[in-house]
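Hi there,

Here is the structure I promised to pass on. Please have a look at it first, and then read my notes below.

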Amino acid sequence: MRRLDVQIPTPDGHSDGSLHIPDGDGPWPGVLVFPDAAGLRDTFREMGDRVASMGYVALVPDIYYRAGEWAPFDITTVFTDPQERARLGTLAGALSNDRIITDAGAYADFLLARPEVTGSAIGTTGYCLGGRMSMVAAGGIDGKIAAAASFHGGRIAVADDPTSPHLAASRITATVYVAGATDDDSYTAEQAELLERALTEAGVDHTLEIYPAGHGFAVADNQTYDEAAATRHWEALERLYGNRLSNA
C-alpha cells in the first residue's frame with residue numbers, strides 16, 4: 001500500500017495528514033480516522049495502513065493544526081506529567097463541536113475529491129477523544145458519512161451537557177457503531193443507556209457494545225492496549241464498512 005503525507009485545506013488553514021491507499025487499481029471507499037487526544041503519530045499511521053489493507057483509502061488528519069507546530073506527546077507520560085496533561089487539555093479544549101464539524105466536512109471533501117476514492121459518502125472511526133469527534137461529525141455532516149464508529153470514546157452521551165453528541169441523533173443518517181469498555185469512567189453505563197435511547201428514538205441504525213477491557217484498548221501504544229479487544233474492534237469495522245460503504 002502507499003502512504004502519502006498530504007495537506008488538507010480547511011476554512012481555518014490546512015491540516016497536515018497521512019493518506020493511506022490500498023494496493024491495486026481502485027477506486028475504493030474513503031475512511032476518516034480520528035486519532036485520540038495524543039494526536040497523529042506513528043501508531044495512527046500504522047492504523048491507517050491497517051484500514052487501507054481492508055480495502056479503504058484512509059485519512060488520518062492532524063486534529064490540532066490550528067496550534068501550528070506542536071511538540072508530539074509521549075504517550076507513556078502525558079497523563080502523569082502535569083504540564084503535559086495541561087498542554088494536551090489546552091489543545092483538546094480548543095476543539096469545539098463547531099470546529100469539529102467544520103474540519104470533518106473539509107476532511108470528507110478532501111477524501112471524496114481524491115481520484116482513488118469512490119462514492120458520495122465516507123466512513124469514520126475514532127478513538128477516545130476521536131471517538132467523540134466521530135459522533136459529533138456524524139451529527140454535523142451526516143450526508144457525507146455513511147458509517148460512523150467510536151471506540152472508547154468519552155462523553156458522547158452526557159445528560160445536561162449542551163455539547164453532548166447524542167443531542168444531534170436526529171440528524172444522523174449514518175449507521176453507527178459504538179464500543180465502550182467495562183473499565184472506563186468517560187463512558188459509563190448511564191451514558192450508554194442515554195445514547196441507546198437517543199439513537200433508537202431518532203431511528204438511527206446502530207449497535208452499541210461494551211468490551212471487557214479498559215479505556216484505550218484499541219490503540220497499540222496505550223498502556224491499556226488489549227490485543228483481544230483490538231482484534232474485535234477491527235472485525236467490527238470490517239462488518240460496519242462492508243455493509244455500508246460498498247453502496248455509499
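Let me begin with a definition for the sheet: two strands count as paired if DSSP finds at least two bridges between them. Helices (H or I, at least four residues) and strands (E, at least two) are DSSP runs, numbered from the N terminus. Please keep in mind that this is a predicted model, in which local features need pLDDT of at least 70 and side-chain atom pairs count only at pLDDT 80 or more, while totals for chains, interfaces and linings use all residues. Residues are numbered from 1 along each chain as its sequence is written, and side-chain values use heavy atoms, with hydrogens and water left out.

The sheet

Eight strands make up an open sheet with mixed pairing, in the order 1-2-4-3-5-6-7-8. Strand 1 and strand 8 are at the edges with a single partner strand each, so one side of each has no neighbour in the sheet. From one strand to the next, the twist averages 20 degrees (axes are lines fitted to C-alpha atoms, for helices over the stretch in contact, and angles run from 0 to 180 degrees between N-to-C directions).

Strand 6 (residues 145-151) and strand 7 (residues 175-183) run parallel and are joined by five bridges. Opposite Phe 151 you will find Ala 179 in strand 7. Strand 3 and strand 4 also pair in the parallel sense, over three bridges, and Leu 32 has Leu 59 in strand 4 as its bridge partner.

Strand 3 is mostly covered, with five of its five residues buried (under 20% relative accessible area; exposed is over 50% and partly exposed in between, with a 1.4 Å probe and protein chains only). Gly 30, Leu 32 and Phe 34 point one way from this strand, Val 31 and Val 33 the other way.

Helices on the sheet

Helix 1 (residues 42-53) has twelve residues. From first C-alpha to last it reaches 17 Å, close to the 16 Å expected at 1.5 Å a residue (1.5 Å times one less than the number of residues). Its buried residues are Thr 43, Phe 44, Met 47, Gly 48, Asp 49, Val 51 and Ala 52. They pack against strands 1 to 5 and helix 6 (227-244), where contact means heavy atoms within 4.5 Å. The direction of helix 1 makes about 50 degrees with that of strand 2. Just after helix 1, Gly 55 takes a positive phi of about 100 degrees.

Helix 5 lies across strand 7 and strand 8, and runs at about 165 degrees to strand 8. Ala 198 is found in helix 5 (residues 189-201) and counts as buried at 14% relative accessibility. Leaving out residues up to four places away in sequence, Ala 198 touches His 166 and Ala 169. The C-alpha atoms of Ala 198 and Met 47 are separated by 30 Å, with their positions 151 residues apart along the chain.

The cores

A nonpolar core here is a set of buried Ala, Val, Leu, Ile, Met, Phe, Trp, Tyr and Cys residues joined through side-chain atoms within 4.5 Å. The largest has 52 residues, of which Leu 19, Phe 34, Leu 59, Tyr 64, Leu 111 and Leu 195 touch the most other members. Helix 3 (residues 97-113) gives the most to this core, with six residues. Apart from it lies another core, of 31 residues, including Val 33, Leu 40, Leu 237 and Leu 240.

Salt bridges

There are 13 salt bridges in the structure (a side-chain nitrogen of Lys or Arg within 4 Å of a carboxyl oxygen of Asp or Glu). One of them joins Arg 87 to Glu 84, with the closest N and O atoms 2.8 Å apart. Both residues lie in helix 2 (residues 82-93), three residues apart, about one turn of the helix.

Arg 114 and Glu 116 are both buried. Their closest N and O atoms are 3.0 Å apart in a salt bridge, and Arg 2, Arg 114 and Glu 116 are linked in a network.

Arg 232 forms a salt bridge with Glu 209, the closest N and O atoms being 3.7 Å apart. Arg 232 is in helix 6 and Glu 209 in strand 8 (residues 206-214), so this pair ties together parts that are 23 residues apart in sequence.

Best wishes
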